[in-house]
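Hi everyone, thanks for coming. Let me put a structure on the screen, and then we can walk through it together.

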Amino acid sequence: MNKIRIISRIDVKNDFVIKGIHLEGLRKVGKPNEMAIKYYQDGIDEIIFMDAVAAYYDRNSLTHIIDQACKDVFIPITVGGGIRTILDIQNILNAGADKVAINTKAIKAPNFISEVSKVFGSQCIVLSIDAKKKSHNKWEAYFDNGREPSGLDVIEWAKKVESLGAGEIMLTSIDAEGTKKGFDIDLNKAVSEVVSIPVISSGGAGNEEHISNLLNNTSVDAVALASVLHYELLSIGSIKQKLVNNKIKVRM
Amino acid sequence: MTHIAIIDYELGNVKSIINALEKVGANFVLTRNDSEILNSDGVILPGVGAFSHGVSKLKEYSLDKIIIQYAKQKKPLLGNCLGMQMLFTESEEFGTTQGLNLISGKIKKLKTLNSSFRKLPHVSWNEILEPTYLAWNNTIMEGLNSSSNMYFVHTYAAQPDNQEYVLSTTEYSNYKFCSSVKKENIYGCQFHPEKSATDGLLIMKNFVKICKEFQDG
Amino acid sequence: MVRNYETYYGLPNKVKFCKKCVISNQRPSSTVEFKNKKGESKKVINFNNDGVCSACVFHEEKEQGIDWKVRDKKLVDLLAKFKSEDGSYDVIVPGSGGKDSAFTAHLLKYKYGMNPLTVTWAPHLYTDIGIKNFQEWMHTGGLDNILYTPNGKLHREMTKNAFHNLLHPFQPFIIGQRIIGPAIAKKFGVKLVMYGENQAEYGNAIEENSNPIMNMDFFSTDYTLLMRFGGVTMQEYIDSGDYTKADFAPYIAPNKQDLIDSGVEVHYLGYYVKWDPQECYYYAVENTGFEANSERTEGTYSRYSSIDDKVDPFHYFTTLIKFGIGRCTYDATQEVRNNKITREEAVYLVEKYDMEFPAKYFQDFLTYIDTTENEFWETIDNHRSPHIWGKDAEGNWKLRHTINANGLDD
């Protein structure tokens, strides 16, 4: 078993870190570079920067933040939000990021996934899936930051993106995210069972039990945390220690 | 002043390497110029992506020949991730492709090494273990605890023909694979030291130190 | 070339946009709706000499000039006057369980220890998410509620008239919604009614902002038979033979003197608490089981603002037709003032979403107001003021002036 990666997800808008609920709302909670450095020093394994409103404004504009972050923070950095072209990816990687997360563009043009995974390598391409529950064991994929339904079944879509060359999947439960009430276990179980690429689970963590519960009941490979870290409800150290106590391997 | 050349062949996360070198305090240049490379005190070959694509890009700029020539000078060379893989004889990614053959051995998909692998690429922090026959003193691993965590993201791994060159092993899904190599002056890390927090930065720092020592004679 | 076009509704002839937010000078202030008759002149939002709207000015004042501790003390003192000791209701909170009323009612109960009775004037046509949030308001929020649904036949006819006569389908609803608070208060012997936001937030007369008490004219009258619904007086409805005065029971505004005598006071919580609609959203999610919609609302980018009524989108579509101001402009304007988005972003969003036609519930709406599609568009087009709308070379209706200065005449 791999060590589970504990990842910090940082949503950015206009140079502020924001945190919503159900991917809605722009409440400011801090400054991105400060938070990235803090989490790095506290032992986070990776950072994901999401441009929270790129979908609105047809652009990704995090390069200056990434540029600075990569000078201070020496762990893998993923950047997502509004990535539409090969040049967008090139710019982000040139700024020092390691991976990019793509959602809307992939839904609108699935062949984009194969195109960019050939150019940059699969390991660079994280497919971001925002899932909303429709009925028992059925979820629909949304795009434009949780605004528009795609009509795609999440399980089928996950299988498809793997076959097109995605290196990882970041799976966000729209229903759970921001609520701090726990992960959507069924969703994470269903997706991690049908793909053989790593799955990062995002959305819903409120306490350490939620995380242990997720890892003990699904085969996801990483957990992305936002609210619990940004609102300082939990520390990275205590999360990792509790996981180790629960016999879950993490980097200490 | 110790001067390090980072090979520029339009592949690889050079910014990360640059940031790391700046952090540990080293002079460097990003280049594909033959005399700059040959005259430097140390060379880093970065790389991310497919083996065949990497090799063809090196050849496009005649960098394959230059690197081999550089290596003959016995000056320190460090290959990271794809950079390490390309030091070897050949890879079976997307059909067989020839590498630089500076170290004899093949690059094989992690899956074929042991069919119980479930998830690929291997994306995770994982421990590198000091081998019994090759101490880490005076290598780029100096000062690290055996079982330091490094960041891995790869689907393929090296199988050196000569076990003596294995500088560290790592276990993934119940199977041990070679996670770094040392053949005289040539080093390779399958993981990304420039992305492996303070332990990784120590490796980068050690490499710079080795380059300096060589320069001082 | 500057031409002088005819201007309907007594609106300002020259269209201007606020320099700070994205509202235009065509935005009407709140009116006493049951006096609203066809062809009336509208009072509009005020712009100062710097081209800044009164709502932005008020917002600046709010940010800098108000000591919210003092306001909180005022609230505590006010509530102390009305707090019940015997377990009876002591404040009426009108609302639908959307983020604003959810916040208001829950805060009053759980922070300030009051015993609120929430009162809902039923939406015309509930959406699924609307019913869900409404019930969660009770079940998770822990509140009591009376849902008041007026006679549908009459309400539909009024709405139809309001649409065709005033291009203001929501008018009867607004009348009822404003009356229900004080009316229920009177019936239950409760003296305090607390609404959420003060309409002045959005550009009503500034004097109203220094006054926590809602102007009684909004919900009381001495001349019930002359009240107008959809531009038609109550007397005229009765004269038609289809309705009697009894059918108008829900809409009969309490007698002014009666209200004064019974000591009923209507306040805005927004006077006492720094009002931020987005923070109301967060509060509602965390405390009353509120959930944003899974889809973007047509005509805007928002997913949590006013999502419980299928007719709601047509309210905003008609403001677009009459004033050139669509739903997105309203949402974006508020978020610019509250520092959630920049003006540039607001302009971008307005350009992207303001003109979007609310297709999803179009058929439901047509059925509700017993109107054909042709009739709908005929009424719509008749209400386009020539100073706001013009036709392009292909014969399509276009705004003459837009926030991005790319209208027909810009």
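Let's begin with the cysteines: how many disulfides does a search of the whole structure find over all chains? The count is 0. Please keep in mind that what you see is a predicted model.

Two cysteines are worth a look here. Cys124(A) takes part in no disulfide, and the cysteine sulfur nearest to it, in Cys81(B), is 11 Å away. Cys124(A) is also buried, with a relative accessible area of 1%. Over in chain C, Cys328(C) has its closest cysteine sulfur in Cys21(C), and because those sulfurs are 13 Å apart, they are too far for a bond. Cys328(C) is buried too, at a relative accessible area of 0%.

Now for how the chains meet. Which of the touching pairs of chains has the most contacts? There are 2 pairs that touch, and the pair of chains A and B has the most contacts. Chain B and chain C share no contact, and their closest C-alpha atoms are 31 Å apart.

Let me take chains A and B, then. Chain A brings 35 residues to this contact and chain B brings 29. Together they bury about 2500 Å², and carbon and sulfur atoms give 50% of that area. On the chain B side, the residues that lose the most area to chain A are Lys119(B), Trp125(B) and Lys195(B), which together make up 26% of what that side buries.

Lys195(B) comes up again when we turn to charges. Its side chain meets that of Asp98(A) in a salt bridge, with N and O 2.8 Å apart. Between these two chains the count is 3 salt bridges, and there are 13 residue pairs in polar contact. Where on chain B do these touching residues sit? Helix H1 (14-24), strand S8 (122-128), strand S9 (148-154) and helix H7 (197-216) of chain B each supply at least two residues of the side that touches chain A. H1(B) gives the most, with 6 residues. By type, that side of chain B divides into 11 nonpolar, 10 polar and 8 charged residues.

On to the other interface, between chains A and C. Here 25 residues of chain A are in contact with 24 residues of chain C. The two chains bury about 2200 Å² between them, with 44% of it on carbon and sulfur atoms. How many salt bridges cross the interface of chain A and chain C? There are 5, and Arg303(C) forms a salt bridge with Glu24(A), where the closest N and O atoms are 3.2 Å apart. This interface also has 19 residue pairs in polar contact.

On chain A, the elements giving two or more residues to the side that touches chain C are strand S2 (16-21), strand S3 (24-30), helix H2 (54-57) and strand S9 (148-153). S3(A) gives the most, with 5 residues. That side of chain A splits into 9 nonpolar, 6 polar and 10 charged residues.

Arg303(C) also leads us into chain C itself, as one of the residues touched by Thr297(C). Thr297(C) sits in the loop between helix H10 (277-288) and helix H11 (312-323) of chain C. Is Thr297(C) buried or exposed? Its relative accessibility is 11%, so Thr297(C) counts as buried. Besides Arg303(C), its contacts beyond four places in sequence are Ser302(C), Ile307(C), Arg327(C) and Glu356(C).

A second loop residue in chain C is Ile388(C), found between helix H15 (373-382) and strand S8 (389-391). Ile388(C) is buried, with a relative accessible area of 4%. Measuring along the chain, Ile388(C) and Lys14(C) are 374 residues apart, but from C-alpha to C-alpha they are 9.0 Å apart in space. Among the contacts of Ile388(C) beyond four places in sequence are Leu11(C), Gln26(C), Phe323(C) and Leu399(C).

Last stop: helix H9 of chain A, residues 208-217. At its start, a side-chain oxygen of Asn207(A) reaches to within 3.1 Å of the backbone nitrogen of Glu209(A). The buried residues in this helix include His210(A), Ile211(A), Leu214(A) and Leu215(A). What do the buried residues of H9(A) pack against? Their partners are helix H8 (185-194), strand S11 (199-202), strand S12 (222-225) and helix H11 (236-245) of chain A.

That's my tour, and I'm happy to go back to any part of it.

Notes. Residues are numbered from 1 along each chain as its sequence is written. Chains are lettered from A and ligands numbered from 1 in the order in which they are written. This is a predicted model: local features need pLDDT of at least 70, side-chain atom pairs count only at pLDDT 80 or more; totals for chains, interfaces and linings use all residues. Side-chain values use heavy atoms; hydrogens and water are left out. Helices (H or I, at least four residues) and strands (E, at least two) are DSSP runs, numbered from the N terminus. Buried means under 20% relative accessible area, exposed over 50%, partly exposed in between (1.4 Å probe, protein chains only). Contact means heavy atoms within 4.5 Å. Buried area is the accessible area (1.4 Å probe) that two parts lose on being put together, summed over both. A salt bridge is a side-chain nitrogen of Lys or Arg within 4 Å of a carboxyl oxygen of Asp or Glu. A polar contact is a pair of N or O atoms within 3.5 Å; within protein, one must be able to donate a hydrogen and the other to accept it, and residues adjacent in sequence count only if both atoms are side-chain atoms. Ala, Val, Leu, Ile, Met, Phe, Trp, Tyr, Cys and Pro count as nonpolar, Asp, Glu, Lys and Arg as charged, and the others, Gly among them, as polar. A disulfide is a pair of cysteine sulfur atoms within 2.5 Å.
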